[in-house]
Amino acid sequence: MAERKPKDAIALLKQDHRTVEDLFAQFEKARGEGRKERLARQICLELSIHTVLEEEIFYPACEGSVDEDLLKESYVEHDAAKLLIAEIEGANGESDEYFDSKVKVLQEEIEHHVEEEEKRETGVFAQARRGDIDLDALGEQLATRKQELTETYKAQGVPQPELTTMDEVSI
């Protein structure tokens, strides 16, 4: 069997983006008993893992190579997504009349976030590629952590989000 070349960090993160885009597309078309809820929970799982990977490993590695304001915006976008993920995870898809709308707004937020990261020349990924970052080593680190998180979250469920830029509020 041929040895597969490990992906660099940006290729791995882009692959996550494509996976979630596909899940959102499936959600929009889904019909039938609990299908939307299962897809929404898969979306939440994928995004929860992805945000941890970026916040623990990728963004810190980008400091000094990527515009600081762009990184700060990324953290804020993650926190907004985490709040919606917590809402979706805590909801019963069949009885929450806003369930589909929450998933749709999460999709819109994620599409914007992906655009900011993948924008040619000025996006987070373009700036990271120009920086002094070992993207191959970072990719290995991301892949290892992703496997750990996937196993943990599948066994124990998606944990309550830890917000980086927002204070806890009660409504």
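**Briefing: a cavity, a pocket and a helix pair**

Helices α1 (9-29), α2 and α4 (99-118) each put at least two residues into the lining of the largest cavity. Keep in mind that this is a predicted model. Besides that cavity, we'll look at the largest pocket, which has about 390 Å³ of space, the crossing of α2 and α4, which is left-handed, and a few single residues.

**The cavity**

- Just one cavity of 30 Å³ or more turns up in the structure, and the volume of the largest cavity is about 70 Å³.
- Who lines the largest cavity? The residues are Asp 16, His 17, Val 20, Leu 47, His 50, Thr 51, His 78, Ile 110, His 113 and Val 114.
- Sorted by class, that lining comes out as four nonpolar, five polar and one charged residues.

**The pocket**

- The largest pocket, at about 390 Å³, has 17 residues in its lining.
- Nearest the centre of the largest pocket sit Val 52, Tyr 153, Gln 160, Pro 161 and Glu 162.
- Both α2 (35-62) and α3 (68-90) chip in at least two residues each to the lining of the largest pocket.
- Helix α2 has the largest share of that lining, with five residues.
- On chemistry, the lining of the largest pocket is a mix: eight nonpolar, four polar and five charged residues.

**How α2 meets α4**

- A quick reminder: two packed helices are described by the angle between their axes and the distance between the axes.
- Here, the axes of α2 and α4 come within 12 Å and cross at roughly 30°, and the crossing is left-handed.
- On the α2 side, the contact is made by Lys 36, Glu 37, Ala 40, Ile 43, Leu 47, His 50, Glu 54 and Tyr 59.
- Helix α4 answers with Phe 99, Asp 100, Val 103, Leu 106, Ile 110, His 113 and Glu 117.
- Split by class, the residues of this contact are eight nonpolar, two polar and five charged.
- Leu 47, His 50, Ile 110 and His 113 may look familiar: they belong to the α2 and α4 contact and also line the largest cavity.

**Val 124 and Ser 74**

- Val 124 belongs to helix α5 (residues 124-130).
- Is Val 124 buried or exposed? Its relative accessible area is 0%, so Val 124 is buried.
- Setting aside neighbours within four places in sequence, Val 124 is in contact with Phe 58, Val 66, Leu 70, Leu 71, Ser 74, Glu 116 and Glu 117.
- One of those partners, Leu 71, is 53 residues from Val 124 in sequence, yet the two are 7.5 Å apart in space, C-alpha to C-alpha.
- Another partner, Ser 74, is found in helix α3 and counts as buried because its relative accessibility is 2%.
- Not counting residues up to four places away in sequence, Ser 74 touches Tyr 59, His 113 and Val 124.
- Two of these, Tyr 59 and His 113, also take part in the contact between α2 and α4.

**Glu 121**

- Glu 121 sits in the loop between α4 and α5.
- Where does its backbone stand out? Phi of Glu 121 is near 70°, a positive value in a residue other than glycine.
- For background, most residues other than glycine have a negative phi.
- Glu 121 has 56% relative accessibility, and the cut-off for exposed is over 50%, so Glu 121 counts as exposed.

How values were computed. Residues numbered from 1 in each chain as written. Predicted model: local features only at pLDDT ≥ 70, side-chain atom pairs only at ≥ 80, totals over all residues. Heavy atoms only, no water. 1 Å grid on protein atoms, 1.4 Å probe; cavity = no way out; pocket = protein on both sides within 12 Å on 5 of 7 lines; lining within 4 Å. Points joined across faces, edges and corners; volume = space filled by probe spheres on them. Helix = DSSP H or I, 4+ residues; strand = E, 2+ residues; numbered from the N terminus. Nonpolar A, V, L, I, M, F, W, Y, C, P; charged D, E, K, R; others polar. Buried < 20%, exposed > 50% of the residue type's maximum accessible area, 1.4 Å probe, protein only. Contact = heavy atoms within 4.5 Å. Axes fitted to C-alpha atoms, helices over the stretch in contact; angles between N-to-C directions. Left-handed = near helix turned anticlockwise from the far one by under 90°.
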